[in-house]
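Reader: I am new to protein models and would like to learn how to read one feature at a time. Could you take me through this one slowly?

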Amino acid sequence: MTTAYRLEKVRFDYGKRTVLDLESLTIQSRQVTALVGPNGAGKSTLISLLAFQETAAAGKLEYFGMPVSESDLPRLRKTVGMVPQNPFFLNGSIADNVELGLKLKGISRRQRERQVNTALTMVDIDRHSERGTESLSGGERQRVALARALALDPAVLIFDEPFTYLDSSAIRITEKLISWFVEEKGGTVVLSTHDRLHGVAISDQVVNLLHGAVAEVPLVNLFHGKYRDGMFNTGQIKIEVPEATVSARYIAIHPNEIVLSLHPLDSSMRNCFEGRVMAIAECKHQIQVRVVGKERFEVLITRESLEQLEIEIGLSLWVNFKSTSISVLDQ
């Protein structure tokens, strides 16, 4: 598999403050990579580096196997389609804004028209191509920004919080376009999201960022608490952790490692907690289920499991997971 990006000992500073400090990070091509983490984790800074909009204070960056220098940035920037959270548009129509980048590349008028129409059709906004951009809603602005990026036929698509302003229908359109871009066009997608469960569900690779560094644990179902005698106390529940644990300030449980049941399971899963289903959402090939009891758990299951258990909003069920499914932080 080809590597799209390789970063080694990359550091980025704002003034005297280091906001990104990556020992090593590899992003594979022809995959979807999600950057997840809380606000201030370094997601936006990393996106700026990957889009060649910023230069690191230190370290090495390779792009499809070639080392990147500062003089390469203007050329490489043209190979990346950037879809920002708050896109900027010039005065004029939707079509004018999507066409602008093609004009700058010197593409003929007839070819520009074809590419603009194709891109707008893909994001389901072609019927409104003559509308002024000042009339667009937040969700429409993101879809137009995506069309603008797709029209340029990039090698990499980069999204900054792509689902923030979208309704469920627009989210499905965007997810399908991401899958098409990777599977049919052979492109590479990098996206940041504060919705950690969504990031896990739609991606081939998840990069968990915490305080500007890569955390080698999932940041979904992350609990803070105190450890004592093999048990981790969140203040609400006590969770049995791996035997080798010496100390812990945080633990995390991967959403794919949790089993849902209508009754406590008679098995090796000693962690069993009752809760009620508060949210269900379909994402790619998985179902997201939120179960809330004394603590909140985010779970990913198959459609088959959803149907077998007849899961619906308000259903009371049990969350079950092994101690070996738990990742321990600050041990």
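**Reading the model, feature by feature**

Author: Let us begin with a single residue: T174 has a relative accessible area of 5% and is therefore buried. Please keep in mind throughout that this is a predicted model.

Reader: Where does T174 lie, and which residues does T174 touch, leaving aside those up to four places away in sequence?

Author: T174 lies in helix α6, and once residues up to four places away in sequence are set aside, its contacts are L146, F159, F163 and L166. T174 has company in being buried, for in α6 the buried residues are A170, I171, I173, T174, E175, L177, I178, F181 and V182.

Reader: How many residues does helix α6 have, and what span should they give?

Author: A helix can be checked with a ruler, by setting an expected rise for each residue against the distance between the two ends. Helix α6 covers residues 168-183, and because each residue counts for 1.5 Å, its 16 residues should span 22 Å, which agrees with the 22 Å between its end C-alpha atoms. Helix α5, residues 138-151, can be treated in this way too: its 14 residues reach 20 Å from the first C-alpha to the last, close to the 20 Å expected at 1.5 Å a residue.

Reader: How many of the residues of α5 are buried, and what covers them?

Author: The general idea is to count the residues with under 20% relative accessible area. In α5, eleven of the 14 residues are buried, so the helix is largely enclosed by the rest of the structure. Among these buried residues are G139, E140, R143, L146 and L150, and the cover over the buried residues of α5 includes β6, α3, α4, β7 and α6.

Reader: What should I look for in the backbone just after α5?

Author: Here the angle phi is worth reading, because most residues other than glycine have a negative phi. D153, just after α5, takes a positive phi of about 55 degrees, although D153 is not a glycine. D153 is found in the loop between α5 and β7, and with a relative accessible area of 47% it is partly exposed. H211 is another residue that is not a glycine and yet has a positive phi of about 55 degrees; H211 lies in the loop between β9 and β10, and its relative accessibility of 72% means that H211 counts as exposed.

Reader: How should I read the strands, and in which sense do β1 and β4 pair?

Author: For strands, one asks which of them are joined by bridges and in which sense they run. Strand β1, residues 3-14, and strand β4, residues 58-63, pair in the antiparallel sense over five bridges, with R6 standing opposite E62 in β4. Strand β4 is also joined to strand β5, residues 66-67, by two bridges, and these two strands run antiparallel. Y63 has M66 in β5 as its bridge partner, and β4 and β5 form a hairpin with two residues between them, where F64 in the turn has a positive phi of about 50 degrees.

Reader: Finally, which residues form a nonpolar patch on the surface?

Author: The last step is to turn from the buried residues to the outside. F88, L90, L100 and L104 form a nonpolar patch on the surface, and together they have about 450 Å² of accessible area. L100, one of these residues, is found in helix α3, residues 94-104, and its relative accessible area of 34% makes L100 partly exposed.

Technical notes
Residues are numbered from 1 along each chain as its sequence is written. This is a predicted model: local features need pLDDT of at least 70, side-chain atom pairs count only at pLDDT 80 or more; totals for chains, interfaces and linings use all residues. Side-chain values use heavy atoms; hydrogens and water are left out. Patches are made of residues with over 30% relative accessible area and no salt bridge: like charges are joined within 9 Å, nonpolar side chains (Val, Leu, Ile, Met, Phe, Trp, Tyr) within 5 Å. Accessible areas come from the Shrake-Rupley method with a 1.4 Å probe; for residues, only the protein chains shown count as cover. A salt bridge is a side-chain nitrogen of Lys or Arg within 4 Å of a carboxyl oxygen of Asp or Glu. Helices (H or I, at least four residues) and strands (E, at least two) are DSSP runs, numbered from the N terminus. Buried means under 20% relative accessible area, exposed over 50%, partly exposed in between (1.4 Å probe, protein chains only). The expected span of a helix is 1.5 Å times one less than its number of residues. Contact means heavy atoms within 4.5 Å. Two strands pair if DSSP finds at least two bridges between them.
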